[in-house]
Amino acid sequence: MAQTAHPMPVNIGISEKDRTTIAQGLNKLLADTYTLYLATHNFHWNVTGPMFNTLHVMFMEQYTELWNAVDPIAERIRALGHVATASYADLSRLTSLKDVPSQPPKAEEMIRILVEGHEGVARTARELFPAVEQAHDQPTADLLTQRLDVHEKTAWMLRSLLER
């Protein structure tokens with residue numbers, strides 16, 4: 001059960017049950033987003049090979065976008081009256097994404113891992129829509145739509161790098 005943020009009741013027209021369900025889903029989205037941020041930043045630091053410059057710059061743009069995404073997700077959780085997950089242990093427990101290898105893989109494998117990551121985050125966001133729509137939670141629906149657009153486009157762009 002998601003922990004509530006403070007004792008004063010939240011009365012925004014969404015039931016406590018629905019706010020809890022949505023906050024739990026958003027905490028999973030937060031965990032996936034943060035995990036993908038860490039993987040992307042790792043690959044930015046450790047990429048090598050003939051595509052170094054292209055990927056180094058692309059990964060920086062992507063990890064910056066992901067870093068900027070975690071705050072709105074966490075703030076939406078708070079607006080729903082719940083606590084945003086922030087410990088490594090909780091984030092690793094909640095994420096649906098696999099951890100990256102300890103030894104940096106080759107550039108092409110980095111791209112594949114990031115495609116899978118963006119697709120995984122998109123699936124996590126999409127799974128939350130039924131609860132959000134049932135609760136008529138338009139701000140969360142808008143947030144999810146924005147995240148889906150970013151993750152689906154990024155996955156497409158990364159997949160395009162793998163075509164021969």
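**Burial and salt bridges, by the numbers**

Student: What makes Arg112 partly exposed?

Tutor: Its relative accessible area is 36%. Partly exposed runs between 20% and 50%, so Arg112 lands in that class. Bear in mind that this is a predicted model.

Student: And how do you know which class Glu108 belongs to?

Tutor: Glu108 comes out at 32% relative accessible area, so that one is partly exposed as well.

Student: Why do you say that Glu108 and Arg112 meet in a salt bridge?

Tutor: The N to O distance between their side chains is 2.9 Å, and the cut-off is 4 Å, so the pair qualifies. Both sit in helix 4, four residues apart, or about one turn of the helix.

Student: What makes Arg159 and Glu119 a salt bridge?

Tutor: Again, check the distance: 2.7 Å, N to O, which is within the 4 Å limit. Arg159 belongs to helix 5 and Glu119 to helix 4, so this pair ties together parts 40 residues apart in sequence.

Student: Why does Asp90 with Arg93 count as a salt bridge?

Tutor: Their closest N and O atoms are 3.4 Å apart, and that is still within 4 Å. These two are three residues apart in helix 3, so about one helical turn separates them.

Student: How do you know whether Arg93 is buried or exposed?

Tutor: Arg93 has a relative accessible area of 58%. Exposed means over 50%, so Arg93 is exposed.

Student: Why is His151 called buried?

Tutor: His151 has 0% relative accessibility, and buried means under 20%, so the label fits. In helix 5, His151 makes a side-chain polar contact with the side chain of His118 at 2.9 Å.

Terms used:
Residues are numbered from 1 along each chain as its sequence is written. This is a predicted model: local features need pLDDT of at least 70, side-chain atom pairs count only at pLDDT 80 or more; totals for chains, interfaces and linings use all residues. Side-chain values use heavy atoms; hydrogens and water are left out. Buried means under 20% relative accessible area, exposed over 50%, partly exposed in between (1.4 Å probe, protein chains only). A polar contact is a pair of N or O atoms within 3.5 Å; within protein, one must be able to donate a hydrogen and the other to accept it, and residues adjacent in sequence count only if both atoms are side-chain atoms.
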